[in-house]
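Thanks for asking me to look this one over. Here are my notes, point by point, to read beside the structure.

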Amino acid sequence: MRDFHLPGRSAVFAENGLCATSHPIAAHVAIDILKRGGNAMDAAIAGAVLLGICEPAMTGIGGDCFALFSPPGSDEVLALNGSGRAPAHASAAKMRAQGHQAIPLNSAHAVTMPGAVDAFCHLSENWGKLGLGAILAPAIHYAERGVPVAPRVHFDWARRAETLQGAARQFYLHNGQPPNIGTLFSAPKQADVLRRIAKHGRAGFYSGEVAEDIIASLQALDGAHQLDDIEAVQCTQTSPISGQYKHLELLEHPPNGQGATAHLLLNILSHFDHPSDDPNDPIRLHIEAEASKMAYTFRDRLIADPDQPTQWQDMLSPTVAAKLAEQIDLTQAGSFPQTQSETVHKDTVYITVVDQDRMAVSLIYSIFHGFGSGIASEKFGILMQNRGAGFNLIDGHPNELAAGRRPMHTIIPAMLREKGKVTMPFGVMGGQFQPVGHARLLRNLTDYGMDLQQAIDAPRAFATNGVLQMERGYNKETMAALENMGHLVTVPDVPLGGAQAIKILQSGTLEGASDARKDGCALGY
């Protein structure tokens with residue numbers, strides 16, 4: 001239990017339904033959908049689409065999504081891949097010939113087809129109750145009337161405003177500047193798009209005037225995109241990948257998501273006893289950093305479009321993990337391996353909902369970098385993701401940019417089961433940090449006995465790009481101890497990700513927690 005003398009927040013407990021996400025208005029809308037007779041899928045989609053208006057630097061209908069969910073009254077977990085593909089005329093060879101070593105982040109070349117809307121339509125039709133008209137109504141309302149800009153939203157907006165180009169500057173800046181905290185941000189043209197989706201389903205987005213606006217805007221910037229590319233977008237139902245850590249079964253999304261990285265990381269860490277009862281012990285942080293370097297090396301070599309022949313299943317192998325664990329020096333930091341050229345970042349949103357029938361939804365939704373590519377469609381202002389930057393330009397690599405491929409994706413929803421029962425949908429935003437975030441959250445719960453909100457609030461560290469990023473929640477002595485082990489310690493400008501989770505307790509009560517690093521909350525009824 002937390003010390004009530006100190007700043008902090010309590011977990012939220014509810015009986016009938018609960019939502020945890022990164023913006024309070026979206027959480028409120030999700031709960032309202034539940035109260036109106038919708039289920040967890042309806043609520044999750046309603047909240048997610050609204051997040052594109054509340055947090056436009058993080059997500060929007062020009063992006064992708066992934067979902068894990070359990071049907072009402074069932075402990076089976078299903079997975080849906082709502083990530084889009086490269087256009088049919090995409091060519092890594094052409095880009096190499098032009099002198100590129102990586103895909104330019106803010107170019108049409110980085111734009112893959114937006115898959116989220118197709119996924120939302122599929123999930124609504126097959127697993128929802130209320131229909132698109134009802135669940136998109138709140139987002140339409142707020143897109144027209146406006147949402148007050150929240151503090152963390154403003155922080156991200158101001159940091160990434162320079163990314164916006166062309167028409168995007170008209171849609172997402174006020175007189176050339178990011179809107180101030182408390183200023184209403186509205187997107188009436190997106191409200192028009194959402195009405196078309198509500199009326200016509202996926203056809204309202206992937207054909208006709210909206211699709212033509214997207215493709216024409218990209219072609220004007222030398223994009224290889226054609227109407228056939230956007231009309232062909234189709235989500236894919238798949239099966240989650242499972243792994244065990246102590247008494248918890250972790251379910252992750254398979255490639256092209258990076259979920260297998262979390263499994264490999266936890267399998268490596270399972271070979272080490274936690275050094276003390278202190279969750280901030282430098283030895284714990286050192287071991288996690290070294291294990292992360294190894295796990296991400298495998299990720300960069302093996303995670304790609306699921307149709308590409310790689311040995312990514314090796315990342316689930318206990319034997320592979322044991323051999324990697326043997327290579328960790330408990331006293332000295334190892335060198336960083338060579339990483340691939342695909343770009344990774346940490347801008348996304350996550351929402352989880354559990355309803356009274358205990359349907360659980362874990363959904364993550366993103367346009368990749370802040371404001372995605374910075375390109376918005378000319379007529380409707382739809383921001384285009386730059387997920388194509390998740391490809392590389394290495395000849396013959398399984399994650400090389402190629403026609404119709406899906407890139408390696410950083411966003412990964414997660415779910416826990418215990419003794420075969422679904423007990424916790426959760427997600428940790430933060431780009432490539434997410435597998436480490438999943439592993440740290442599970443270890444905080446199991447090895448250090450934290451409650452759910454404490455496990456989310458605890459400080460975070462991440463070994464990446466040759467440095468060990470450490471949040472300011474760690475003291476100077478801990479940082480110094482890691483520097484003495486050879487780690488190059490830095491304090492990141494932005495906190496490491498954000499997290500939300502809902503636990504289904506043995507009593508049947510729901511416990512929700514949401515990260516103070518974001519503006520959001522957990523709400524229930």
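At what angle do helix α1 and helix α5 pack, and how far apart are their axes?

1. Please keep in mind that this is a predicted model. In it, helix α1 (residues 24-35) packs against helix α5 (residues 132-145) at an angle of about 150°, and their axes are 10 Å apart. Angles over 145 degrees count as roughly antiparallel, and α1 and α5 are therefore roughly antiparallel to each other.

2. The crossing of α1 past α5 is right-handed. On the α1 side, the contact is made by I25, V29 and I33; α5 contributes A134, I135, P138 and Y142. Sorted by class, the contact of α1 with α5 has seven nonpolar residues, no polar and no charged ones.

3. Now to the sheet. Seven strands form an open sheet in the order β1-β18-β17-β13-β12-β9-β8, with antiparallel pairing. Its edge strands are β1 (12-14) and β8 (241-245), each of which pairs on one side only. From one strand to the next, the twist averages 20°.

4. One pairing you may like to inspect is that of strand β9 (residues 248-252) with strand β12 (residues 414-418), which is antiparallel and runs over four bridges. Here L250 stands opposite L416 in β12.

5. Two helices deserve a look alongside the sheet. Helix α12 (residues 259-269) packs on the sheet and touches β8 and β9; the direction of α12 makes about 25° with that of β8. Helix α15 (residues 434-446) also packs on the sheet, touching β8, β9, β12 and β13 (421-429). The direction of α15 makes about 130° with that of β13.

Definitions and conventions
Residues numbered from 1 in each chain as written. Predicted model: local features only at pLDDT ≥ 70, side-chain atom pairs only at ≥ 80, totals over all residues. Heavy atoms only, no water. Axes fitted to C-alpha atoms, helices over the stretch in contact; angles between N-to-C directions. Parallel < 35°, antiparallel > 145°, perpendicular 65-115°, else oblique. Left-handed = near helix turned anticlockwise from the far one by under 90°. Contact = heavy atoms within 4.5 Å. Nonpolar A, V, L, I, M, F, W, Y, C, P; charged D, E, K, R; others polar. Pairing = 2+ DSSP bridges.
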